[in-house]
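Colleague: I'd like to learn how to read a structure like this one. Could you walk me through it?

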Amino acid sequence: MVRELEKYLRPGIGVTTYCPGCGEAILQGLILRAIDELKLNMDDMLFVSGIGCAAWIPSPYFNADALHTLHGRTIAFATGAKMVNPKLKVMVISGDGDLADIGGNHLIHGARRNMDMTVICANNQNYGMTGGQVCATTPEGALTMTTHQGNPFRPFDLCRLVKAAGAVYVARYAVTQPVAMVRGIKKALQTEGFAFIEAVTPCPVQFGRRNKLGKPADMLKDLMSRCITEEKAETLSPEELKGKIITGEL
Amino acid sequence: MGKQKVNSVLPPGSYYFSGDEAVAEGAIAARCGYCAGYPITPATETLERLSVRFGEVGAAFMQMEDEIASICSCIGASWAGAKAMTITSGPGFSLMQEAIGYAVFTETPLVLVDAQRSGPSTGQATRVGSGDIMQAKWGSHGDYLAIALSPWSVQELYDQTINAFNLAERFRVPVFVMAEEATAHLHERMEVGAEVELFNREKKPGAPPFGTEEEDGVPPMPVFGEGEKLLITGSTHDEWGVRKITHPEIHRKLVTRLHKKILNRSQEIIQYDSHYLNDAQVAVVCYGFTARSALFAVEQLRGEGKKIGVLRLKTLWPFAGELIKDIGSRVGKIFIPEMNMGQVAGEIKKYAACEVVSYGQVTGEIVHPHTIMEQLRRLM
């Protein structure tokens with residue numbers, strides 16, 4: 001993270017918990033960049049996170065009110081706080097396992113109610129903190145600690161899910177698209193209603209290692225090569241679309 | 001802040017309410033600012049009434065997607081500054097257990113009304129039971145203490161709901177109102193006074209939200225949005241909320257304080273009433289709806305000259321152990337009728353030196369006075 005954003009960090013908390021090569025540290029910086037560019041006052045903000053690697057992005061690092069909740073229930077906690085104090089600028093930051101597996105029901109109901117909050121889902125395609133197990137966003141065939149012969153099930157398309165449930169702003173970016181990601185987070189923060197960002201992020205230690213995706217730098221390069229726009233996707237055949245990640249506002 | 005008298009919201013006088021409606025009005029009188037719940041028999045009528053009445057008094061009501069979301073949103077609401085409540089019955093109470101532990105560990109004031117029905121599982125969904133008493137004590141994982149109250153009438157559902165908010169705010173704990181289907185659906189007259197005494201949470205800007213010098217202390221309760229930069233976590237934490245998950249002494253100190261803040265103030269929390277105990281040879285210890293039958297039965301038997309007394313527990317947790325110890329040293333037998341397999345009787349056996357006779361009834365029906373009379377005649 002660049003020095004100029006350090007003013008947003010809680011004093012006295014030095015080390016981060018990310019594994020080497022984790023993309024969530026990049027996302028952490030991009031979220032603060034968006035807040036900085038919008039000149040938001042951290043005292044007006046409430047960060048709500050669940051359980052898992054991504055839940056550590058705001059807590060304890062961001063120097064603001066932070067509610068580090070139970071596994072999967074972030075949006076429910078955030079709903080109560082927002083209902084009581086509508087002036088709070090509520091941002092939920094958590095992982096795919098937290099928001100889409102155990103918390104999937106709260107995710108779609110938050111979107112359906114169009115609760116005024118920004119939800120950032122760091123999607124690393126597996127349960128990182130518990131050692132790399134399959135989750136609802138793991139690609140079909142991928143190896144994890146609980147799918148040794150490849151994931152037999154299809155993953156969720158989180159953006160389509162949340163959009164169908166009624167979110168008013170939905171976008172997907174990879175952490176390898178920093179400029180677009182910051183623009184997306186800013187738009188989400190300025191949106192009145194339920195705004196959702198899927199932040200695709202590499203997990204070299206748990207996911208990459210088992211799927212032989214190489215070093216952290218290789219995973220970043222691979223991510224860059226697989227991100228395409230929706231317009232581009234429309235020109236590709238289903239075969240060509242395999243493994244591609246459609247990014248942008250959806 | 002602290003204790004203060006305010007006007008009742010309902011005009012003073014007599015009302016004819018159901019127990020569920022009395023809970024709703026009690027919450028309004030206590031200035032509850034947020035209620036979330038999920039429909040479940042026999043608690044639904046409280047939600048229905050609050051969905052209308054909260055609109056009138058300017059409080060927030062949410063019907064959530066399940067009971068887990070309901071209690072979690074209440075915890076969020078509580079930290080955002082509102083007095084918060086959720087209402088449920090057994091199956092919902094089971095779903096809420098993880099979040100109850102979170103509320104205990106993060107010292108979040110919260111009121112939970114459990115209109116108990118006959119379990120386990122879906123059980124007899126429309127029938128009465130009292131099977132959630134031990135769940136109120138130990139339903140969530142880990143060691144903790146909460147407060148549980150046991151009202152016996154529509155009047156007490158109103159009064160004890162207010163009391164529950166005061167205790168929750170005073171001690172920063174979840175407080176359970178252990179209602180029962182029979183009182184939740186009972187309609188009877190109740191009185192509303194001109195004023196209610198409320199405890200409003202103590203704030204101390206800049207003070208550590210989980211810190212206190214006393215080993216049994218209750219820290220002041222800050223709220224979101226006031227620049228406190230709060231750090232709240234269900235992990236073991238220091239006085240500023242910073243995770244300390246491998247420090248033996250910090251964990252021991254925190255868990256111990258959360259126990260002591262309740263246990264050391266048991267005398268302040270525990271309420272009971274007693275009848276005919278002075279010369280009693282047998283004491284009937286009872287709570288909730290069953291106490292109505294028990295008192296009636298004992299009054300009948302007193303008319304026959306039988307020396308029986310009644311102790312009605314209005315507070316179940318923390319348990320009135322010292323009181324039971326004292327009564328157990330003065331009577332020959334203690335008889336406990338209850339709508340479960342003897343959950344409170346088991347607790348009484350820990351304290352009473354005398355013979356303890358449990359009568360557990362799990363039929364989905366109230367314990368009839370005649371049943372209690374029959375059992376007591378056998379004992380005498």
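Modeller: Sure, let's take chain A and then the domains of chain B.
This is a predicted model, where local features need pLDDT of at least 70, side-chain atom pairs count only at pLDDT 80 or more, and totals for chains, interfaces and linings use all residues. Residues are numbered from 1 along each chain as its sequence is written, while chains are lettered from A and ligands numbered from 1 in the order in which they are written.

Colleague: How many helices and strands are there in chain A?

Modeller: Helices (H or I, at least four residues) and strands (E, at least two) are DSSP runs, numbered from the N terminus. Chain A has 10 helices and 8 strands.
Its radius of gyration (over C-alpha atoms) is 17 Å, close to the 18 Å from the globule rule for 250 residues, so chain A is as compact as a globular protein of that length. That rule is 2.2 Å times the number of residues to the power 0.38.

Colleague: What share of chain A counts as buried?

Modeller: Buried means that 20 or more other C-beta atoms, placed from the backbone, lie within 10 Å of the residue's own. In chain A, 51% of the 250 residues count as buried.

Colleague: Which domains make up chain B?

Modeller: Domain bounds come from an automatic or database domain assignment. Chain B is divided into domain 1 (2-200) and domain 2 (272-379), with C-alpha centres 26 Å apart.
Contact means C-beta atoms, placed from the backbone, within 7 Å; here 22 residues of domain 1 of chain B and 20 of domain 2 of chain B take part. On the domain 1 side, α6(B) gives the largest share, 4 residues.

Methods: Buried ≥ 20, exposed ≤ 12 C-beta atoms within 10 Å, placed from the backbone. Contact = placed C-beta atoms within 7 Å.
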